[in-house]
Number of protein chains: 2
Amino acid sequence: MTGTPFDFARLFAPDVPPPAARWNGRVKFDFTGGNNDPDSLPLDGLIAAAESVLRREGRRLAIYGVEHGPQGYRPLRDFVAGKLAADAGIACTADDIVLTSGSNHGLDLVNATFLARGDTVIIEENCYQSAINRFNRIGAKVVGIPLDANGMRMDALSNALEALERRGVRPKYIYTIPTVQNPTATILPVERRREMLELAQAHGVLIFEDDCYADLTWSGRRPPAILAMSGRGGVIHVGSFSKTIAPALRVGYVVAPWEVMSRMLALKTDAGSGALEQMILAEYCARSFSRHVPQLRRALRAKLETLVEALREHFGASAAFDDPEGGIFLWVKLPDGVDTTRLYEAALAKGVAINPGEQWSVNREHARSRLRLCFASASHEEIHQGIAALAEVCRRDFGVRRQGTP
Amino acid sequence: MTGTPFDFARLFAPDVPPPAARWNGRVKFDFTGGNNDPDSLPLDGLIAAAESVLRREGRRLAIYGVEHGPQGYRPLRDFVAGKLAADAGIACTADDIVLTSGSNHGLDLVNATFLARGDTVIIEENCYQSAINRFNRIGAKVVGIPLDANGMRMDALSNALEALERRGVRPKYIYTIPTVQNPTATILPVERRREMLELAQAHGVLIFEDDCYADLTWSGRRPPAILAMSGRGGVIHVGSFSKTIAPALRVGYVVAPWEVMSRMLALKTDAGSGALEQMILAEYCARSFSRHVPQLRRALRAKLETLVEALREHFGASAAFDDPEGGIFLWVKLPDGVDTTRLYEAALAKGVAINPGEQWSVNREHARSRLRLCFASASHEEIHQGIAALAEVCRRDFGVRRQGTP
């Protein structure tokens, strides 16, 4: 397949993105991506679930959607409905849920339903990279709202909505990760959720709530979902099993009323998302989800403590961060002189992968010296060694020295 | 979630498709869709494969792409490369293959790489409905080429390419299902494949070869893939496990050189396709694929024989068709007066689902009295009963009577 003289490039669509780089395996110290703790993966439970659900109804795999229709395997939708009621206060049924190939697929379906080139979307100014990339690819205009220790600032949101209204612009939606925000790990308090709903209602704007990390608070408690607090609708909710069970299992979901669901289903032309993963997950979760998640939270919190310890040891006050209340990532501020996009390159050469702030933000100035460190997948020892290696690169290339206790 | 007063519809994107209908379960006699024979599903093998691959390397599910990168689980790509070499004569390696969420996902990635609104695509005039729908949604202009008993007619292709050239139009590609064509079940002979390659080369057009049904020839033999015959490249090849193992497992693949692969990977923003399905499939196929497929072919051929028998019994010469050399569907011609789109509605009311010809063709006049009957998933008894019920609707609503032996 090499050296072919056919010139494909002249046939590419005009908007095709630049080529991806070749995969060269994972780096030694990987602090990127939503990878999870391998030791916490409930392997025995998943194996038992696979055997039992396949033995009972595996022959249904011969039928697209395992005879449960385009919204996905019904027992998993039933489980999600029950979980959302118990944990997030959302009143919905399996009919309001579509299972997707990860929550990214949910983002695509919602975006395709609502967004056209030139539309405006409001987001937290530090935000999930893949969401930002999706909006950019669609050609949507993104307005970032600053966050504080309690998530999106409602004064700033109110100002932004008014400024847009003065310009005659009505945004399509507010895309928000209110519970364990990515990358800041902030949790939006109930009062702000209410305020966001009021602002959205006043301006006729939809709220698109991404709840992917909401199961991973250290306390096990979380505010009600914005969807749960919305009396009159106007909220679409997306979630995932990537963070609680396994990211390589591509199973997420969107909760939406039929008016929206029926359009998303018309756009969902994948002949169903992977049914085997849905079946195994449903079987496992019905038995064990509520026992598994608290164990996972403890393991993740222990990893975070190791990361914080390593940062204190090797950076001291030169690395500043808030103590997250949950999740799998830490949003870290280095001294102003450090350009984390340059740091990313230098660290990679030493076998350390980080997420540079500029990829996780639409506020370049703010994000320039910030980075995201994901702590779930590396072992405790790798966290220590990796942060030591990162500190060494910071010292050598950027003159960052350990400062006294922050 | 009902009765919400929020008006979502005013926020929909201008090109959002019409709403999907609610799922009401499968009809009693379902002759639609690429569903397969439940009794042939290799359930014990899949269960054993799940246990063994998860026990050995299940903890990798904690990492996106199970540490095999964005092209998917390496052992399955190795299996596909070996299978394509042995069966289709294609020389490629795992590096030339990306695993997708079914071949539909492959169609989307290839289309997104090459097609823009207004582009022209050449297809067989009777063609896979989801491919036609995709081209329409993108806004591509579709040129249909007539088929005969040996697939796409090369004289007609040559004429169409010349006519386009005279108008200054260079099509992006020829999308073809050369081996067990959907819906006609024709197999394009080697000579025509060579001719298609020459025409494509002469006109600077890419060939997009969809080989989804190629494993299902009754003889177990097939011509070499067009990709295999292409010395200088210019062919992209897509395949699937839906037809050989199980459609609800969403695993397909695209074979393409890095120049194209690197663009498709940049467009593949799903954080990987379902790894669990890839792992189980790889484990199963390495052991048993070559034993399983011949058994499946025999079961499918027996179903076809039952369908042919039922059509002879209830329609006689009123239902005309060529005897397919493989696959899971029969393309049937009813008397000229029968509009199969109307028949579809009338039959559905009696619990019989068919694919009306107009949905499987861009030549309305030709397709108007034709229909596609899928025979893999119904039992032999259901085939007999369903065809009897269909014949009764044809008699009652369209005056179609059984004619003497065709």
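Mentor: Contact here means heavy atoms within 4.5 Å. You're looking at a predicted model, where local features need pLDDT of at least 70 and side-chain atom pairs count only at pLDDT 80 or more, while totals for chains, interfaces and linings use all residues. Residues are numbered from 1 along each chain as its sequence is written, chains are lettered from A and ligands numbered from 1 in the order written, and side-chain values use heavy atoms, leaving out hydrogens and water.

Trainee: Through which surface do the copies meet?

Mentor: The same one, because 100% of the interface residues of chain B are also interface residues in chain A.

Trainee: What turn lays chain B on chain A?

Mentor: Two copies of a chain are related by a rotation about an axis and a shift along it. Here a turn of 180 degrees with a shift of 0.0 Å gives an RMSD of 0.0 Å, superposing by least squares on C-alpha atoms of residues with pLDDT of at least 70 in both. The two copies are thus related as by a two-fold rotation axis.

Trainee: At what angle do the axes of α3 and α8 of chain A cross?

Mentor: Helices are DSSP runs (H or I, at least four residues), and axes are lines fitted to C-alpha atoms over the stretch in contact, with angles from 0 to 180 degrees between N-to-C directions. α3 (residues 102-114) and α8 (residues 258-267) of chain A cross at roughly 105 degrees, their axes coming within 9 Å. That makes α3(A) roughly perpendicular to α8(A) (65 to 115 degrees). Among the residues that meet are L109(A) and F114(A) from α3(A), and M264(A) and L267(A) from α8(A).

Trainee: How many disulfides does the structure hold?

Mentor: 0 over all chains, a disulfide being a pair of cysteine sulfur atoms within 2.5 Å. For C92(A), the nearest cysteine sulfur, that of C285(A), is 15 Å away.

Key. Helices (H or I, at least four residues) and strands (E, at least two) are DSSP runs, numbered from the N terminus. Angles under 35 degrees count as roughly parallel, over 145 as roughly antiparallel, 65 to 115 as roughly perpendicular and the rest as oblique.
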